[in-house]
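Hi there,

Here is the structure I promised to pass on. Please have it open while you read, and I will go through what turned up in it.

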Amino acid sequence: MTTARAAWYVRHVFRPEAIIAERGAEDTVMAGRCRRLLPEVPFTVIDDRRALAAELGGDFAAAKRRLLLAHHRGSFLGHCPAGTRGLACCNYLVMNLVTNCPMDCGYCFLQEYLAGNAPLIAFVNPEAALAELASVLDRHPERRFRIGTGELADSLALDPLTGVSRELVPFFAARPNALLELKTKTDAIDELLDLDPKERVVVAWSLAPAAAMAFAERGTASVEARLAAARRVVAAGYKVAVHFDPMIEHPGWVEGYRDLVAALAASVPAERMAWVSMGALRFSPGLRTRVRGRFPGTRLLAGEQVASLDGKWRDFQPLRVDMYRRVRGYVEAALADVPVYLCMETPEVWERVFGSAPLSEQALGTRLAAR
């Protein structure tokens, strides 16, 4: 782990260069908490968030260093973009409470998706999101919902500042038909440890071998730090999930993923593992262009990739299938009976890896939500 990476996580608090509140957000609970925790960081109020976006001028790296506090207008809930024609889906819902991320992974789709609205934004009205979600859950008590907050942001990177998990965990703990997934590449789990999830909250980590992280991820916690955090949340009563997504081919990848699964199994008992997902390295054409511009010469684009049905470029299918089969074997040997599934893959690839594709997205989603 580099010195810079270690320093970022010593106190688990992201320190932006500036905190900016859109007019109307400056006196909220979240704004007060941020100012109290980071009194040395300049705090200003602006009338319109579009002014900040214009000032940044599309500088994605600069956008990550400033924290904008604003009210969210519109719906917080949506369907995971994996629900794309031609791909097998796990029926996952997303709730967006933050957009953008203080970390900077070379493969991150936010580089393209947020290119025109890059500021790192924390929404100061999470109670509105929970009210919207409560309405959906109350209308469908017979259904089981699996909901994540990690689509447009890391679920926990800003949590030491925003404290949103302190609202989310009690809400889901009281909802028998909903399961919350907090997906992260950090070890910022301190806000969770004195809360009782009542088996309704899963803390999930994206993992890759350290050799791949060295060239693919910037500003993330080390594998060792993530697994240490996993041990702490398990002790506090949470279940854990892991996403080997994207899986990254690199010299020694076979041994790298084998040893990574062994380290995971040594850290988290199988009975506290909710699920494991696997997904391929994938880029839309626009993202490939952005990555080349931001990370010239990156090894992420050096492998053989082909266009898929959804328009994204993925590693050549035989390589993907080989990686999936090997890691599936490692997981099943070390963590018996833990569900393993593929993210954003075709039924054909499912059949080559597992022998069959999911009968339906509802069936797979219900199976995972029941964990």
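Where does Pro246 lie? Pro246 is part of strand β11. The peptide bond that leads into Pro246 from Asp245 is cis, with omega near 0°. Please keep in mind throughout that this is a predicted model.

**The chain as a whole**

The protein chain has 371 residues, and 58% of them count as buried. Its secondary structure comes to 15 helices and 16 strands. Among the contacts with a separation of 6 or more, 78% are between residues 24 or more positions apart.

**Helix α13 and its surroundings**

I spent some time on α13, which covers residues 317–334. The helix has 18 residues and reaches 26 Å from its first C-alpha to its last, close to the 26 Å expected at 1.5 Å a residue. Which residues of α13 are buried? They are Gln317, Leu319, Arg320, Val321, Met323, Tyr324, Val327, Tyr330 and Val331. You may like to look at the spacing in that list with this in mind: an α-helix has 3.6 residues a turn, so residues three or four places apart point the same way.

The partners of these buried residues come from several elements. They pack against the strands β11 (239–247), β12 (273–280), β15 (313–315) and β16 (340–342), and also against α11 (253–267) and α14. Strand β11 is the one that holds Pro246.

The pairing of α13 with α14 (residues 347–354) can be described in some detail. Their axes come within 9 Å and cross at roughly 45°. With that angle, α13 and α14 are therefore oblique to each other. The crossing is right-handed. On the α13 side the contact involves Gln317, Arg320, Val321, Tyr324, Arg325 and Arg328, and these meet Glu348, Val349, Arg352, Val353 and Phe354 of α14. By class, that contact has five nonpolar, one polar and five charged residues. Gln317, Arg320, Val321 and Tyr324 appear both in this contact and among the buried residues of α13.

**Two more helix pairs**

Next come α6 (residues 126–139) and α8 (residues 165–173), which pack at an angle of about 15° with their axes 11 Å apart. An angle under 35 degrees counts as roughly parallel, and α6 and α8 are therefore roughly parallel to each other. Their crossing is right-handed. From α6, the residues Pro126, Glu127, Leu130, Leu133, Ala134 and Leu137 meet Glu167, Leu168, Phe171 and Phe172 of α8. This contact divides into eight nonpolar, no polar and two charged residues.

The other pair is α10 (residues 223–235) with α11, whose axes come within 9 Å and cross at roughly 25°. These two helices are therefore also roughly parallel to each other, and α10 passes α11 in a right-handed crossing. Val223, Leu227 and Arg231 of α10 meet Leu260, Ala263, Leu264 and Ser267 of α11. Here the residues divide into five nonpolar, one polar and one charged. Helix α11 has already come up, as one of the elements that the buried residues of α13 pack against.

**Loop residues to look at**

Two residues other than glycine have a positive phi. For Asn100 the value is near 75°, and for Asp337 it is near 70°. Asn100 sits in the loop between β6 (98–99) and α5 (110–113), whereas Asp337 is in the loop between α13 and β16.

Is Asn100 buried or exposed? Asn100 counts as buried, because its relative accessibility is 1% and the cut-off for buried is under 20%. Asp337, in contrast, is exposed, with a relative accessible area of 73%.

Finally, there is Gly58, in the loop between α3 (49–56) and α4 (60–63). At 37% relative accessibility, Gly58 counts as partly exposed. Leaving aside residues up to four places away in sequence, Gly58 touches Ala53, Ala115 and Arg290. The C-alpha atom of Gly58 is separated by 9.1 Å from that of Pro119, which is 61 residues away along the chain.

That is the tour. Happy browsing, and do write back with any questions.

Best wishes

Definitions and conventions:
Residues are numbered from 1 along each chain as its sequence is written. This is a predicted model: local features need pLDDT of at least 70, side-chain atom pairs count only at pLDDT 80 or more; totals for chains, interfaces and linings use all residues. Side-chain values use heavy atoms; hydrogens and water are left out. Axes are lines fitted to C-alpha atoms, for helices over the stretch in contact, and angles run from 0 to 180 degrees between N-to-C directions. Helices (H or I, at least four residues) and strands (E, at least two) are DSSP runs, numbered from the N terminus. Angles under 35 degrees count as roughly parallel, over 145 as roughly antiparallel, 65 to 115 as roughly perpendicular and the rest as oblique. A crossing is left-handed if the near helix is turned anticlockwise from the far one by less than a right angle, and right-handed if clockwise. Contact means heavy atoms within 4.5 Å. Ala, Val, Leu, Ile, Met, Phe, Trp, Tyr, Cys and Pro count as nonpolar, Asp, Glu, Lys and Arg as charged, and the others, Gly among them, as polar. The expected span of a helix is 1.5 Å times one less than its number of residues. Buried means under 20% relative accessible area, exposed over 50%, partly exposed in between (1.4 Å probe, protein chains only).
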